[in-house]
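Dear colleague,

I am passing on the structure below for you to look at in your own time. After it I have set out what was found, beginning with one residue and ending with the chain as a whole.

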Amino acid sequence: MNDFLKKLMVNLENDGKRLDNIMFLIAKKTPKSLIYKLIRKGRIKVDGKKSNPSTKLEAGNIIDFPSYLESEPNKISPPKGLVKLINDSVLYENDDVLLINKPCGLGSHSGTGLKFGLIELARHARKRILKLDLVHRLDRDTSGCLLLSKDLTTLREIHEIWPTKKVEKIYIALFKGRIREELNSIEVNLETARGALGEKRAFAMGQKRALTSILEKKYIKDNTLVTLRLDTGRMHQIRAHARYIGHPLAGDDKYGDRDFNKALKKEGLSRLFLHASRIKIHSEKLKIDVKAPLPIELGRVLSNFEQ
């Protein structure tokens, strides 16, 4: 039996998952009892150190494990139409990164009820790239700029600068009501926890710092079209911040206003009004400034408002 150690860098698809659960995905044909035994004996390590099965891993952690544990990859091919959608949605590409204009309704990765997410489709569309990974995530109902790296070195370098001012993530959103003219930022700590129905939600007044800058405001009837900069990257940050200030995001069925959403459906809005419109990266290796045009369906809603 080949006992050669294989190294795997934890990507965003597995960020926050327990070590044992990640290993179950890697070694699908291996008895769970053996995986627990290998972890306890230190044959499966995280960043070169012995770990517990319950250890929650973060993107960038390195798992060392015997290569014989790895299962054969899933060979099911996605529908050709979805692969074409990804190819048609490429905004920018070079030797290091791939930037895609993610359509609304497509998950960043596969999961509950989703056989294929954007990353699986992109890997199929770019089979020659050996290590294509998500740099960050977008909610399933958010459209716009989604960045992928083509190698581990690039992924690590981008992760290092991601929280800094070398990276700017710009969004366009529609908030209910007219927000105050002098409000230029929302800074409220957030915490992720389970809601009443067991779903993950972001709650205000948590432990993790969260800052959203408001760059531009345009009042449309009694609502506000805003251009935002995501200065931190917490789960559902913009949606939770919008709710906190009393101006929920249009089309948001989790944090939003039910009556507001119902009224907006008459204006043609059938999705979350949140679009990752621009991403800028300025580092020694990468100099990127790419915009994703506002989706037609969101532009149509604004036109209906302005009539």
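A good place to begin is Ser277, which lies in strand 15, the stretch covering residues 274-282; please keep in mind throughout that this is a predicted model. With a relative accessible area of 10%, Ser277 falls under the 20% limit and therefore counts as buried. Setting aside residues up to four places away in sequence, Ser277 touches Cys145, then Ile170, Tyr171 and Ile172, and also Val290, Lys291 and Ala292.

A second residue that you may want to find is Leu183, which sits in the loop that runs between strand 9 (167-175) and strand 10 (185-187). Although Leu183 is in a loop, its relative accessible area is 12%, so this residue is buried. Once neighbours within four places in sequence are left aside, the residues in contact with Leu183 are Ile214, Lys217 and Ile245. Leu183 can also be placed relative to Leu215: the two are 32 residues apart in sequence, and their C-alpha atoms are 9.9 Å apart in space.

Turning to the helices, you could look at helix 3 (residues 80-88) together with helix 4 (residues 118-125), whose axes come within 9 Å and cross at roughly 85°. Since crossing angles from 65 to 115 degrees are counted as roughly perpendicular, that angle makes helix 3 roughly perpendicular to helix 4. On the side of helix 3 the contact is made by Leu82, Val83, Ile86 and Asn87, which meet Leu118, Leu121, Ala122, His124 and Ala125 in helix 4. Sorted by type, the residues of this contact comprise 7 nonpolar and 2 polar ones, with no charged residue among them.

As for the protein as a whole, it contains 8 helices and 16 strands, and its C-alpha trace spans about 70 × 40 × 40 Å along the principal axes. The radius of gyration is 21 Å, which agrees with the value near 19 Å that a compact globule of 307 residues would have. Of the 307 residues, 47% count as buried, and the accessible surface comes to about 16700 Å², with 49% of that area belonging to carbon and sulfur atoms. Finally, if one takes the contacts between residues at least 6 apart in sequence, 63% of them join residues that are at least 24 apart.

With best wishes

Terms used
Residues are numbered from 1 along each chain as its sequence is written. This is a predicted model: local features need pLDDT of at least 70, side-chain atom pairs count only at pLDDT 80 or more; totals for chains, interfaces and linings use all residues. Side-chain values use heavy atoms; hydrogens and water are left out. Axes are lines fitted to C-alpha atoms, for helices over the stretch in contact, and angles run from 0 to 180 degrees between N-to-C directions. Helices (H or I, at least four residues) and strands (E, at least two) are DSSP runs, numbered from the N terminus. Angles under 35 degrees count as roughly parallel, over 145 as roughly antiparallel, 65 to 115 as roughly perpendicular and the rest as oblique. Contact means heavy atoms within 4.5 Å. Ala, Val, Leu, Ile, Met, Phe, Trp, Tyr, Cys and Pro count as nonpolar, Asp, Glu, Lys and Arg as charged, and the others, Gly among them, as polar. The radius of gyration is taken over C-alpha atoms; the globule rule is 2.2 Å times the number of residues to the power 0.38. Buried means under 20% relative accessible area, exposed over 50%, partly exposed in between (1.4 Å probe, protein chains only). Accessible areas come from the Shrake-Rupley method with a 1.4 Å probe; for residues, only the protein chains shown count as cover.
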